[in-house]
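Q: I'm new to reading protein structures, and I'd like some help. Could we go through one together, feature by feature?

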Amino acid sequence: MQIRTGFSIALDTVGPTPMNLLLNVRPERRSDLVTPETITFDPPIPARQHVDEFGNACTRIVAPGGRITMAADFTIADSGLPDDQAPSARQRAVQDLPDDVLMYLLGSRYCDTDKLSGVAWSLFGGTPQGWARVQAIVDFAHAHLRFDYQQADATRTAFDGYTQRVGVCRDFAHLAITLCRCMNIPARYATGYLGDIGVPKDPAPMDFSAWFEVYLDGPDGPRWYTFDARHNRPRIGRIVMARGRDATDCALTTSFGAAHLARFDVHTDEVEGAAAPLARAA
């Protein structure tokens, strides 16, 4: 299948403002692009790209002051398959984890493991390890939090979400990630496009979505698996833009100075009648 997606974001600044943007798809999805993924800026400004320590494609700019609009519109090929499921996947002992995975057991800005460790062990200490334990955590976060688009809070941590029992998709992800880490299951944050493909249309305004991934030993060996505490069901058409420890590492726009959001539009739709892409060798 093919998915047409993109965004238009307008920001107002009071003067020259450096910014870091994570608005491109992850480098490993570039080979799936059917049309070029080009970010345009109005007014036109220089932009420089690099790949950060998490493998995300970053764009650095200096907004000149006043209103700046950044936009993209492109088509990408997708397998059309839902998120992989591996109910037999096992949890690896901490001492057997790869070195680069260990950071995803630690607390981070929004994943305050020190405040939720006791809660996690009291709730999930008796559950089977591996996939079943992760699913139990996802079920809990999905039921414990109430989604409310109007209750977005950029400072809300996992513990805040647990106590306030409300949030948006990033809060569902942060709570589940934190509970997984408390149970010694490596978990990382992911964000990107997720359209309503194969599911009823969500009445909430279209936005970039957040979910998370856990490191488990599946039938084909250890790998990262996708989970979504907000929707709690396998979904079709995820297009990852950024991965990291939490939302801090995956902020789609970071401004080093005041920047007021003036417009934010996202679209993600299946291209009707598009031929399915050929399967690629692993």
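A: Sure, let's start with one pair of residues: Glu213 has Thr226 in β11 as its bridge partner. Keep in mind that this is a predicted model.

Q: How do β10 and β11 pair, and over how many bridges?
A: The general idea is that strands of a sheet pair through backbone hydrogen bonds, either parallel or antiparallel. Here β10 and β11 are antiparallel, with seven bridges. The two strands make a hairpin, and two residues sit between them.

Q: What can I say about β4 and β5 as a hairpin?
A: Five residues lie between β4 and β5, and Gly55 in the turn has a positive phi of about 85°. The strands run antiparallel and are joined by four bridges. To find one of the pairs, look at Arg48, whose bridge partner in β5 is Arg60.

Q: In what order do the four strands of the open sheet come?
A: Read across the sheet and you get β4-β5-β2-β13, with antiparallel pairing. β4 (48-51) and β13 (253-255) are at the edges; each has a single partner strand, so one side of each has no neighbour in the sheet. From one strand to the next, the twist averages 25°. Within this sheet, β2 (residues 17-21) and β5 (residues 57-63) run antiparallel and share five bridges. Thr17, for instance, has Ala63 in β5 as its bridge partner.

Q: Now a helix. Why does the span of α2 agree with what it should be?
A: Helix α2 (residues 131-144) has 14 residues, which at 1.5 Å a residue should span 20 Å, and its end C-alpha atoms are indeed 20 Å apart.

Q: Which residues of α2 are buried?
A: Trp131, Arg133, Val134, Ile137, Val138, Ala141 and His144. They cover an arc of only 170° around the axis, which puts them on the same side of α2. The general idea behind such a pattern: an α-helix has 3.6 residues a turn, so residues three or four places apart point the same way. As for what covers the buried residues of α2, the list includes α1 (113-124), β7 (146-147), α3 (158-164), α4 (169-182), β10 (209-218) and β11 (221-227).

Q: Which residues touch the most other members of the largest nonpolar core?
A: In general, nonpolar side chains of soluble globular proteins tend to be buried together. The largest nonpolar core here has 66 residues, and Phe7, Leu23, Met70, Phe212 and Val214 touch the most other members. α4 gives this core its largest share, nine residues. Another core, of seven residues, lies apart from it; Phe54, Val101, Tyr104 and Trp224 are among them.

Q: What does Met70 touch?
A: Leaving out residues up to four places away in sequence, its contacts include Phe7, Leu11, Met19, Leu23, Phe41, Ile61 and Thr253.

Q: Is strand β12 buried or exposed?
A: Count its residues: six of the six in β12 (residues 239-244) are buried, so this strand is largely enclosed by the rest of the structure. β12 runs antiparallel to β9 (residues 187-193), and five bridges join them. Thr191 is found opposite Ala242 in β12.

Q: Where is Val266 found?
A: Look in strand β14 (residues 259-270). Val266 has a relative accessible area of 10%, and under 20% means buried, so Val266 is buried. Not counting residues up to four places away in sequence, Val266 touches Gly6, Phe7, Tyr193, Met206, Asp207 and Phe208. Its C-alpha atom is separated by 40 Å from that of Ser122, with the two residues 144 residues apart along the chain.

Notes:
Residues numbered from 1 in each chain as written. Predicted model: local features only at pLDDT ≥ 70, side-chain atom pairs only at ≥ 80, totals over all residues. Heavy atoms only, no water. Pairing = 2+ DSSP bridges. Axes fitted to C-alpha atoms, helices over the stretch in contact; angles between N-to-C directions. Expected span 1.5 Å × (residues − 1). Buried < 20%, exposed > 50% of the residue type's maximum accessible area, 1.4 Å probe, protein only. Arc of directions from axis to C-beta. Contact = heavy atoms within 4.5 Å. Core = buried A, V, L, I, M, F, W, Y, C linked by side-chain atoms within 4.5 Å.
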